[in-house]
Amino acid sequence: TKAGITRLIWVKRQGIRSGNPFTHEQYYLSNWNLDAIAFLQLTRDHWQIENGLHWVKDVTLKEDYPPRQGGFAPISWAVFNSFLITLARRLGARTIPDCIRDLANQIHQVFRWLT
């Protein structure tokens, strides 16, 4: 499309989840002239990042509400949370909270990984 012209893209998904039918609709505004396959790939790439990292940081680790605020504390917590997520995934933990519980009594092992 020409610059400044916006397209409305409507995506409707239907199916069965946990034995129950569902319908989910999403709307996107875009000024890109993409076919459906290219647009789908872009949205999947975005949501993969959102669900795989940001959701974990926001919901599981409550990064929006750190225990210490001000100065460098938010940045320090963000770095620590990223380290924790990476560590949990490399160790093959089922969930981040599972990894935290498993490592709570193995702090010497965590320090070994840091050196």
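Tutor: The expected span of a helix is 1.5 Å times one less than its number of residues. Helices here are DSSP runs of H or I, at least four residues long, numbered from the N terminus. This is a predicted model, where local features need pLDDT of at least 70, side-chain atom pairs count only at pLDDT 80 or more, and totals for chains, interfaces and linings use all residues. Residues are numbered from 1 along each chain as its sequence is written, and side-chain values use heavy atoms, with hydrogens and water left out.

Student: How many residues does α2 have, and what does it reach from its first C-alpha to its last?

Tutor: α2 has 18 residues and reaches 26 Å, close to the 26 Å expected at 1.5 Å a residue.

Student: Which residues of α2 are buried?

Tutor: First, the idea: an α-helix has 3.6 residues a turn, so residues three or four places apart point the same way. In α2, the buried ones (under 20% relative accessible area, 1.4 Å probe, protein chains only) are Ala73, Asn81, Leu84, Ile85, Leu87 and Ala88. Down the axis of α2, these buried residues fall within an arc of 165° (taken from the directions from the axis to the C-beta atoms), so they line one face of the helix.

Student: What do the buried residues of α2 pack against?

Tutor: They pack against α1, α3 and α4, with contact meaning heavy atoms within 4.5 Å.

Student: And which exposed residues sit on the face of α2 turned away from its buried side?

Tutor: That face carries Ile75, Val79 and Arg90, where exposed means over 50%.

Student: What follows α2?

Tutor: Glycine 92 does, and its phi is positive, near 75°.

How values were computed:
Helices (H or I, at least four residues) and strands (E, at least two) are DSSP runs, numbered from the N terminus.
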